[in-house]
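Colleague: I've just opened this one and I'm new to it. Could you walk me through how to read it?

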Amino acid sequence: MRPTHYMLALATALGCAFAAPAFAQDTIKIGELNSYKAQPAFLEPYKRGMELALEEINGKGGVLGKKIELIVRDDGANPGEAVRVAEELVTREGVVMLTGTFLSNIGLAVTNFAGQKKVFFLASEPLTDKITWADGNKYTYRLRASTYMQTAMLMPAAIAANAKRWAIVYPNYEYGQSAAATFKDMLKKAQPGAEIVTEQAPPIGKIEAGAVAQAIDDAKPDAIFNVLFGADLTKFVREGNTRGVFKNRTVVSLLSGEPEYLDPLGEETPVGWIATGYPWDKIKTPDHVAFLTAYQKKFNDYPRLGSIVGYTTIKSIAAGLAAAKSTDTEKLVEAFKGLSVTGPFGTFTYRASDHQATMGAYVGKLALEKGKGTMIDVKYVDGASVLPSDADTKKLRPSAD
Amino acid sequence: MTLNAFLFQILNGLSAASGLFLIAAGLSLIFGVTRIVNLAHGSLYMLGTYIAYTFATKIGGVTGFWGGIVATALIVGVIGALIEIVLLRRIYRAPELFQLLATFALVLVINDAALWLWGPADLLGPRAPGFRGAIEILGRRLPSYDLFLIVIGPLVLLALHLTLSRTRFGRLIRAATQDREMVGALGVNQAVLFTSVFALGAALAGLGGALQIAREPANLATDLIALGDAFVVVVVGGMGSIPGAYLAAVIIAEVKALCVGIGVVDFGFVTINFSKFTLVAEFLVMAIVLIARPYGLLGKAQGAVRSIAEPEEPIRPATPLLKALGAVVLVLLVCLPLLAQSTYFGSPYLLVLGIDVLIAIIFAASLHFIMGPGGMHSFGHAAYFGLGAYGAALLVKWLALPFGAALVAAPLLALAGALLFGWFAVRLSGVYLAMLTLAFAQIVWAAVFQWEGFTGGSNGVIGVWPPPPFDKSWVYFLLTLVLAVAAVLLLRRVLFAPFGYAMRAGRDSALRAEAIGIDVKRVHWLGFAIAGLICGVAGGLFAFAKGSISPETIHINRSIDGLVMVLLGGVQTLTGPIVGASVFAVLQDTVMRQTEYWRALMGAIILVLVLAFPQGIVGAFAALWRKAGGRT
């Protein structure tokens, strides 16, 4: 057998690796990695949000006298791959910080990488509490309201339902499990008499919707706590509607009001569910109206929640760089402590105690208007109001700082 | 659970079973006749959901929905025929399983095409006209569309059965399933037969997808989910058996529905939530069935396939030229840390990528060891990678084992897994062996995923970084290099030892090998174990290189990546897996960085490679070399 072709392959390999892009000295490079192929419904609008923010910031001359350059990578929806991409961004592209990630486990792997390699990481979307608490570290901050916060935002409505029998349905992985655990915990404290009559934990993306809806109905709950999202939610809602599972029952639901998950439901939208979400057409604050106008002008499309997260991530980074007056990692870590940022949802801060942003979310009732799903009776819940105190937080972060 | 609730869940299961059956029937037909493991079958199903959605919403009403379903089946059938004519027909003469590579590329291309055409959002179709509501049965409401599905499954089964048993076309299909060369020898036009079977199978996938739009949204994740389901059903039912596929679909759907129905049960000392077991249920069923009935419930022993590929050259020891080149490559690799530090073209990332490539090489070489010379096509090699990686990470986490000890212990755990699973697997052959290994790998994956307390569940284990001096990438690179070279040379050495000859003898003719006193099963079992052991080395190295390990890393995708690496390099050569792994790993790194539609680009590159090198990259060069009169 002829081995020269091996050399050829190797040469190609080396050639590709060597072909490092020319360094541009007049920009600040930010590395962004995300599961673009695995979660396109959320992340395509997210990318647009980032583009809009970048355009605004660079249009005004950038920060520290330099323009921000965003280097975007797909993380292959796989933590191992994500760590390699993160290393590539840091070592080859020379980015000054990392941001992004969607799935909880990838967020955690990159968080750990950031702590190990002393790289600043702003986790934009992953919801797991562990990123800021159990596995939090000095170098990692998180923008999006965590699972704990989102659940806590819904608790007043859940307690007001005064239901004795609860059913819980959640996708069986980190996000679903921790939402369910937090819910049970908070319910027990608020209403010790309430009982969980069934728990359905279908594998994510593979729900047997008919069987699950039926099993919940058979348990005869007074109220349902739902954590499903995406295609699982759509299937579950259609089956539940047809089978009358939601009739005369209070349903409290995480994330279901986000356009990414609400829009596909269309006429199937389960009216009356109390959910966290983003009613983009109902928010009239000046900050949001300005964002909405700019977004619609640029993309001729309405924003999804992903757009908000992408936009606010870049705004946060610009604010952090400006406050640090440097791209130095240690200075960035300091600058983000108590950093105040204004985004479409108003002004919020990055807490010094647990590195969690206090950006909140909207809570409201799902409704049907002109055949499309929307939210009514919406109310903004500030993230700061549902987070534990700084003192309690300390106990939750054993490994940080 | 009351009796009525139980009976009602059985109805739910039956309607799910019809859906499963429709996806699986087409795959079973295609495999039975053409012996192609069609990874793109799920993609055809997904296309069915999108196309039917378009009809149902753009035209709308009864015509749009029901007419759209029929039209969708026809359109997807045509797409299937085109795939067969344009692509697969060109590579029938390639080594066995090579077509898998082409269909893998199609999965990537079709997924990105759907993203481009229909956008990223999930698309939920309208309710079916005439079946919008629900019917009261056993005091519960069953959607009338579910009732329709319960009926349509057996109807399609009946139609297929009549076609297969009463028509000339059906007789040809059955004959070709048993012995396709003989059918060809009797004057039947195989090209037309293959194309029509592929079209029929694709049409069934399209129909299956189209019928689901009233129940689930068209979305980009359905292709792989449907593929996984279809494989399980086909294998449990018996490859090529249509009634078997229905029976298997019913069993699997019922087991899942009952798991959901049972829900949380408190046994006093432990509380178990059965709804979590739907993930692993189908693979447990598959493993049990394959162990008890190796050819599936209603399957028969696979008919002899006289390969139409070029006969395989016997392997020969390396020529001086090859040895010299190997030494040059090795020296270059040893110098890589220096190159990486140089300011001109260096970047520390070179080492990171180098580590990944070397790990891929160990992984692919160990898979090739059983796949090529062993003739055992493992579709679940990720299991041993995972056992190694998780073994190392968990030993560090729970027992605080030092780095070195964990790295040594990791392969031993993989060895134990390979010994256990291999003992069952070598009792089978061909595609059944492949599927049993897949089932075992999925069981390992599901166990890791579900056992949160021990394995960290979906988050996996994080924070397993190597201690100094191995935390420097150049040191870790050299360690990986040493282990990779050792692994490759060891596998090579084994192949040229009597054991290796015995393994190949068992592959080429089990009967004759037995006759001269070789215990084929035992030899293959040991071969399987060696491959698992070496693969475990790769897993352990991976965990420490990334500082973390999670279930995704050991999912079926990794098994498929391994197959792609081996086939890309050339399964009939010894350097094939090395080249294949290098090319694949570097390609993935480069392509993922280049473009928004990187999957389509990756698929397109693989398609080009498939058509240009039908025996793999090394295989093609070796053939050229031979033609030019050189010795290999």
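Modeller: Sure, let's start with the whole chain and then pick one residue. This is a predicted model, where local features need pLDDT of at least 70, side-chain atom pairs count only at pLDDT 80 or more, and totals for chains, interfaces and linings use all residues. Residues are numbered from 1 along each chain as its sequence is written, chains are lettered from A and ligands numbered from 1 in the order in which they are written, and side-chain values use heavy atoms, leaving out hydrogens and water.

Colleague: How many helices and strands does chain A have?

Modeller: Helices (H or I, at least four residues) and strands (E, at least two) are DSSP runs, numbered from the N terminus. Chain A has 13 helices and 14 strands.

Colleague: What share of chain A is buried?

Modeller: Buried means under 20% relative accessible area, exposed over 50%, and partly exposed in between (1.4 Å probe, protein chains only). Here 65% of the 401 residues are buried. As for extent, the C-alpha atoms fit a box of roughly 65 × 60 × 45 Å along the principal axes.

Colleague: Now one residue: where is Lys138(A) found?

Modeller: Look in the loop between β4 (121–123) and β5 (140–142). Lys138(A) is partly exposed, at 29% relative accessible area.

Colleague: Which side chain does the side chain of Lys138(A) make a polar contact with?

Modeller: A polar contact is a pair of N or O atoms within 3.5 Å; within protein, one must be able to donate a hydrogen and the other to accept it, and residues adjacent in sequence count only if both atoms are side-chain atoms. The partner is the side chain of Glu330(A), at 2.8 Å. Also, the C-alpha atoms of Lys138(A) and Ser399(A) are 9.0 Å apart, with their positions 261 residues apart along the chain.
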